[in-house]
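Reader: I am new to reading structures and would like to know what stands behind the words people use for them. Could we go through one together?

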Amino acid sequence: MRAHPASAQGYGRFWVGLLPWAWMLFFFVLPFALIVNVSLSTPDLAVPPYVSPFAGTTADGAPAFRPDPASYARLGDELAALATPGADRPYLAAYANSVLLAALTTLCCLLLGYPFAYRLARAPEVMRNTLLMLVMLPFWTSFLLRVYAWMGLLDSSETGLINQALLGLGVVAEPLPLLYNTGAVLVGMVYSYLPFMVLPLYANLVKLDLRLLEAARDLGARPATVFLRVTLPLSLRGIVAGSMLVFIPAVGEFVIPDLLGGGSVMTIGRSIWDDFGPNQDWPMAAAVAVVMVVMLIAPIVLLHRHGRRAGRGA
Amino acid sequence: MSGGWGGRAWVLGVYAFLYVPILCLIVFSFTAGEITTRLDGLSLRWYAALARDVELHAAVLLSLRVGALAATAAVVVGTAAAVILVRAGDYPGSRFFLGMMSAPMVMPEVVVGLSLVLLFTHPALAILGGRGVAAIWVAHTTLCTAYVAVLVASRLREMDRALEEAALDLGCPPLKVFFVITVPVIAPALAAGWLLAFTLSMDDFVLAAMLSDPGSTTLPVLVFARLHHGLKPEINALATVIVVVVSIAVLLANRLLLGPPRAAAQPSAARGG
């Protein structure tokens with residue numbers, strides 16, 4: 001294919017590839033292996049606060065591997081206690097809350113973002129860049145301060161901005177308890193993650209071939225039918241991409257549940273944070289993290305497999 | 001086209017949803033009172049407080065430093081990764097490399113943070129120096145490398161390879177071809193990648209908080225601590241400054257990176273609608 005010697009290029013590629021391979025293996029893959037290792041460790045009052053399963057030796061002095069499954073056992077016990085009503089299941093509750101919140105966030109972002117991205121993709125071409133930049137601009141400003149803005153809007157006292165407006169209009173007599181509940185967290189999450197849904201949807205919808213829609217209409221399809229049978233299937237890739245960009249980070253979100261949920265909304269992100277920080281139970285934090293990652297990756301791998309098989313079949 | 005007035009109202013509604021909270025922050029930064037959601041007279045007292053806040057200045061400087069260093073490192077590592085992603089084709093491990101390069105973008109931050117804490121506090125790796133500024137820099141570089149790699153890879157894919165091949169055929173050594181031909185062509189992606197990495201680093205709270213020691217309080221770590229200690233309009237003033245600075249920077253970057261060539265390349269006849 002090329003005139004220049006392939007071997008020289010091969011050498012060059014080896015050296016170019018060395019840097020990213022080494023960096024990511026050492027600072028991303030190895031740390032993840034450490035999480036798995038620590039999740040099988042015993043908590044301890046030491047620095048760092050765990051005893052590695054590789055710490056002990058056998059009788060004849062050879063290194064031994066003695067994993068401590070206690071952290072996973074706690075998750076298993078909670079699962080086993082599902083049948084018992086009223087049992088305390090803090091970790092399972094955190095998982096359920098997180099997945100539910102992330103799913104609702106994804107759904108709201110999709111419902112809000114799809115018509116928005118569709119209109120944006122049909123806007124005059126000269127305006128599209130500006131309109132898109134306006135979506136991205138809040139994303140470039142501080143994330144924490146945008147969450148803080150919602151603390152002021154939703155504040156449950158009479159000085160909260162929405163409460164001020166409602167009291168002023170006479171809609172309510174007492175300030176509503178808007179902050180520190182699941183609804184507040186959901187609003188904050190939708191607000192923060194909306195651009196991640198809009199961008200892939202826009203990128204997909206802007207490439208939509210309008211002649212297909214015209215053809216469907218000319219053949220007598222009603223607008224709803226055109227949307228359901230032409231537009232929607234064609235934009236499925238954008239929907240999947242946007243949903244993944246929102247759902248996966250949303251499951252592990254820590255800051256928004258902490259600031260807008262107060263003490264009431266426990267999520268996996270907060271549970272990992274608490275076990276890592278105040279509780280100093282690193283093995284438990286690691287085990288919870290491992291289970292979350294497996295939970296997130298398994299459906300993606302399955303979807304990928306399925307997609308490839310379907311692709312081959314077609 | 002579809003929607004008409006309804007569609008237009010929807011677009012305006014979403015923009016209002018995005019911007020009203022930010023506008024509220026800005027308005028109440030000018031209050032003379034102590035409450036963050038009521039205008040008790042107008043004043044610039046909270047901007048004066050911002051100007052005197054030594055602790056905050058130190059945090060801003062640290063964040064700028066970490067951001068610049070992380071962005072620079074991420075552009076170097078990310079560009080190398082992009083070259084491998086686009087040019088190396090299929091080799092044993094190429095799929096694993098793709099997965100490894102894109103995983104940090106979707107992996108929940110608490111997991112990445114926890115994993116790096118375990119690395120930096122590992123007894124066998126004391127040579128890394130434990131938690132602190134260097135650890136935060138590594139964490140941000142790792143996260144941002146993924147974003148830079150995606151940006152640069154898409155630019156490399158669009159690039160006309162004939163330029164590089166011509167130079168190689170004329171006997172130019174590959175490394176020189178890269179710096180003299182490839183880098184200028186992908187320069188806009190490198191600049192955009194650097195800016196994206198810089199903002200991601202400046203904005204990151206979770207990684208910085210997990211990896212910080214008492215001597216390494218970045219701006220988000222400080223802001224988060226203050227949000228837990230009680231709200232003051234000084235934070236509104238800070239937000240206003242950030243919004244103004246970021247808006248100007250984004251406008252400039254847009255003008256520099258996208259403006260002239262795009263405007264010239266799009267004939268005005270091509271109007272959708």
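Reader: How far apart do the C-alpha centres of domain 1 of chain B and domain 2 of chain B lie?

Author: They lie 33 Å apart. The model is predicted, so to speak of local features we need pLDDT of at least 70, and side-chain atom pairs count only at pLDDT 80 or more, while totals for chains, interfaces and linings use all residues. Residues are numbered from 1 along each chain as its sequence is written, and chains are lettered from A and ligands numbered from 1 in the order in which they are written.

Reader: What makes these two stretches domains?

Author: The bounds come from an automatic or database domain assignment, and chain B is divided into domain 1 (13-52) and domain 2 (56-235).

Reader: How many residues of domain 1 of chain B are in contact with domain 2 of chain B?

Author: Two residues are in contact if their C-beta atoms, placed from the backbone, lie within 7 Å. By that rule, seven residues of domain 1 of chain B are in contact with five residues of domain 2 of chain B.

Reader: How do you know that α9 of chain A has the span of a helix?

Author: Helices are DSSP runs of H or I with at least four residues, and strands are runs of E with at least two, numbered from the N terminus. The expected span is 1.5 Å times one less than the number of residues. For the twelve residues of helix α9 (residues 223-234) of chain A that gives 16 Å, and the end C-alpha atoms are 15 Å apart, so the two agree.

Reader: Why is α9(A) called hardly covered?

Author: A residue is buried if 20 or more other C-beta atoms lie within 10 Å of its own, exposed if 12 or fewer, and partly exposed in between, with C-beta atoms placed from the backbone. Among the twelve residues of α9(A), the count of buried residues is zero. Of the 314 residues of chain A as a whole, 39% count as buried.

Reader: What radius of gyration does chain A have, set against a compact globule?

Author: The radius is taken over C-alpha atoms, and the globule rule is 2.2 Å times the number of residues to the power 0.38. A compact globule of 314 residues would come out near 20 Å, but chain A has 25 Å. The C-alpha trace of chain A spans about 85 × 80 × 40 Å along its principal axes.

Reader: How many residues does each chain bring to the contact between chain A and chain B?

Author: Chain A brings 69 residues and chain B brings 68 residues. On the side of chain A that touches chain B, α1(A) gives the most, with 19 residues.
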